[in-house]
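User: I'd like a close look at a single part, the largest cavity. Please give the cut-offs as you go.

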Amino acid sequence: MTGEVLAFSLFSAMAVGGAGLALFHRSAIHSAFALLASFLGVAGLYLNLGADFLAVTQVLLYAGGILVLYLFGLMLVPPEGEAPRPGRRALALVLAAAPVAIFLIAFLARSSWGDPSRLPEPEGTVRGIGLALLTPDGWLVPFEYASILLLAALVGAVHLARRSAPKDDSP
Amino acid sequence: MSALDSLLWLMPEAILALGACVVLAWDLVFKKARPWESGAVGLTCLAGASFFLFQRLGWGEADVLGMVRVDFHGTLFQLAVALSAAAALILEMADRHPPGREGRTETVFLLMAGVLGAFFLLGTWNLMMLYLGFEGLGLAVYALVAVRKWEKDSAEAGVKALVYGALSSGLMLYGISLLYGLGGSLDLREIGLETARVLASGHVVEVAVPFLLLLAGFGFKLAFLPFHFWAPDVYQGSSTPVLSFLAVASKVAGAAAFLRVLAGWLAAGLDGGLGEVLAPTIWILAAIAAATMLLGSLAALKQKNLHRLLGWSSVAQGGFFLIGVALLGRYGFEAASAYLLVYGLTMIGIVAAAFFLSRKSGGLQLRTLRGLGRTHPWVGVSLVILLASLVGLPPTAGFFAKWLLLVRAWEGGLGWLVMVAGLSTILTLVYALRLARPLFLESETDRPSGSNLWPVQALVVGAAAGVVALFHFTPVLDLARKSVESLRFF
């Protein structure tokens with residue numbers, strides 16, 4: 001039990017602290033890395049709750065995919081001119097978001113959560129998902145078809161992004 | 001059913017999936033490949049898939065591999081989609097890409113991927129599979145519209161299609177998730193039974209919201225009001241072969257899937273004596289049908305660009321199809337299915353004729369078509385016949401298709417809708433005449449005679465002959481009846 005509490009505190013500190021740092025830090029690159037810490041913290045929270053697949057997806061998609069996209073964007077398009085002072089704007093954003101946070105906390109505090117000791121032990125979901133995806137009578141067809149769908153999207157994207165072939169290629 | 005049996009049932013899908021990959025690899029393996037070769041591979045695969053689909057029509061019904069549904073309705077419209085995609089592919093192969101063959105292989109691959117998406121869209125009761133197919137077809141269409149990226153219109157049209165398409169499919173996905181919550185299953189048949197129970201207990205909003213959200217998704221695909229904005233611009237910006245795919249294959253697939261969704265989902269309620277609760281649905285659909293027909297035909301009247309005219313015309317035809325859907329019953333669905341089949345054949349011919357004429361005249365403006373009917377009488381006369389079918393004049397299949405729709409609407413108590421449809425038919429006649437008239441006027445300029453494009457000519461003449469032959473309407477009616485019966489919720 002104490003291990004769980006310890007892990008929970010650690011991961012939530014990572015998630016909240018990373019988010020705060022991302023908001024308030026002066027450098028955009030540092031903010032992006034702080035966001036990475038926040039994403040990993042959230043993944044840890046999922047893991048703590050026994051949602052292993054969700055945790056892996058969180059790392060793959062957010063930390064591995066979306067954040068890398070942010071970083072590429074930041075590095076390819078350097079900010080021009082005087083950077084706005086982040087402190088004041090972030091403060092305004094926090095103030096604007098505060099009512100939502102208060103509402104959510106109040107809402108969560110009102111709900112009754114039952115007795116935690118009666119909850120079943122979490123079991124791993126990866127195995128179940130993997131079996132479901134590859135069982136012929138399960139999700140095999142959509143799973144396989146999704147790969148062709150993504151291939152089509154990829155071909156379209158590559159064709160549109162590719163530089164035109166030299167003119168002498170014409171017959 | 002063993003895995004091998006399932007593969008036999010899914011032969012058309014398997015052929016297309018493998019064929020698409022072969023097309024993609026063709027130019028890499030054979031460095032000296034001619035531009036038309038990948039198209040020929042694609043055409044062969046479509047022919048093979050069509051052959052197996054034709055066989056499958058007689059095989060009865062089965063749930064294959066859990067989520068794929070094989071029945072007459074699905075297979076019939078899959079066949080229609082495969083054939084219309086083959087027509088689009090023939091146009092694509094007859095077309096020339098200005099800078100070399102850039103984009104040819106991609107176009108062929110994307111066409112095949114789109115057809116595969118349409119196959120899964122049409123052949124399932126499962127909402128997950130349906131959505132995947134819907135997206136697969138949509139993604140292929142977005143890319144196809146923009147495939148001639150060197151033309152400014154094309155890129156703009158691609159962005160428009162993508163933005164509208166993504167918005168509407170997002171709305172539809174939200175509707176699907178609500179349906180999953182409502183029915184506790186992704187299978188439309190089970191959701192239908194649960195929906196009937198929910199409706200019987202007086203909860204209407206829970207059904208109305210997903211209904212409207214699904215309407216947004218299919219509304220985009222069929223371009224009916226108020227989701228039609230993209231259609232004229234996208235039709236204008238895409239090349240004629242892609243327009244053929246958009247106006248026929250994509251539209252027929254979306255329309256037939258819409259029939260299946262409504263049949264599976266709401267028909268259980270209709271059977272259970274919930275006609276009164278579902279009456280607003282009928283009114284909504286009828287109002288959309290009326291507005292779509294009128295706006296489409298009115299807007300088509302003053303178009304000067306051939307593609308734009310076809311775009312608005314296709315919007316209007318979607319409205320006619322919706323008349324049958326709005327009746328939410330067996331006879332309405334039969335009429336709608338028959339109309340869809342005839343519309344597909346007619347539109348294949350018209351777009352092929354438009355392709356031929358615009359390549360001969362070197363422009364997409366109506367006035368550049370002057371005199372082409374005199375110099376190319378076969379295509380000119382065939383186009384007139386096809387336009388007659390579009391309007392619904394005898395002796396063409398279009399006459400009975402429209403007649404049947406109007407009769408069913410009249411019997412269903414939607415007399416005002418019949419009036420609107422009549423008015424819209426007159427407008428259709430006017431813009432069809434505007435399209436046909438310059439063909440037989442004296443030409444002002446002499447044109448250089450290029451290649452004779454015989455496959456395209458054959459396509460136009462063949463479609464016209466088919467439309468006339470199907471004036472003997474019984475086979476179409478039989479197909480439509482069998483297809484609606486196989487949805488079996490009536």
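Analyst: **The largest cavity and its lining**

Sorted by class, the residues lining the largest cavity are ten nonpolar, three polar and two charged (Ala, Val, Leu, Ile, Met, Phe, Trp, Tyr, Cys and Pro are nonpolar; Asp, Glu, Lys and Arg charged; the others, Gly among them, polar). Keep in mind that this is a predicted model, where local features need pLDDT of at least 70 and side-chain atom pairs 80 or more, while totals for chains, interfaces and linings use all residues. Side-chain values leave out hydrogens and water, residues count from 1 along each chain, and chains are lettered from A.

The cavity (points on a 1 Å grid where a 1.4 Å probe fits but cannot get out) has a volume of about 110 Å³, taken as the space filled by probe spheres on those points. Its lining, meaning residues with an atom within 4 Å of a point, runs to 15 residues, with B:V141, B:F220, B:W230, B:L246 and B:S250 nearest the centre.

In chain B, α6, α9 (205–222), α10 (230–237) and α11 (240–271) each chip in at least two lining residues (helices are DSSP H or I runs of at least four residues). The top contributor is α6(B), with five.

In all, the structure holds five cavities of 30 Å³ or more. The second largest comes to about 60 Å³, and B:Y339, B:Y343 and B:K402 are among the residues lining that one. There, α14(B) supplies the largest share, four residues, and the class tally is five nonpolar, four polar and one charged.

Technical notes:
On a 1 Å grid over the protein atoms alone, a cavity is a set of points where a 1.4 Å probe fits but cannot get out, and a pocket is an open set with protein on both sides within 12 Å along at least five of seven lines; lining residues have an atom within 4 Å of a point.
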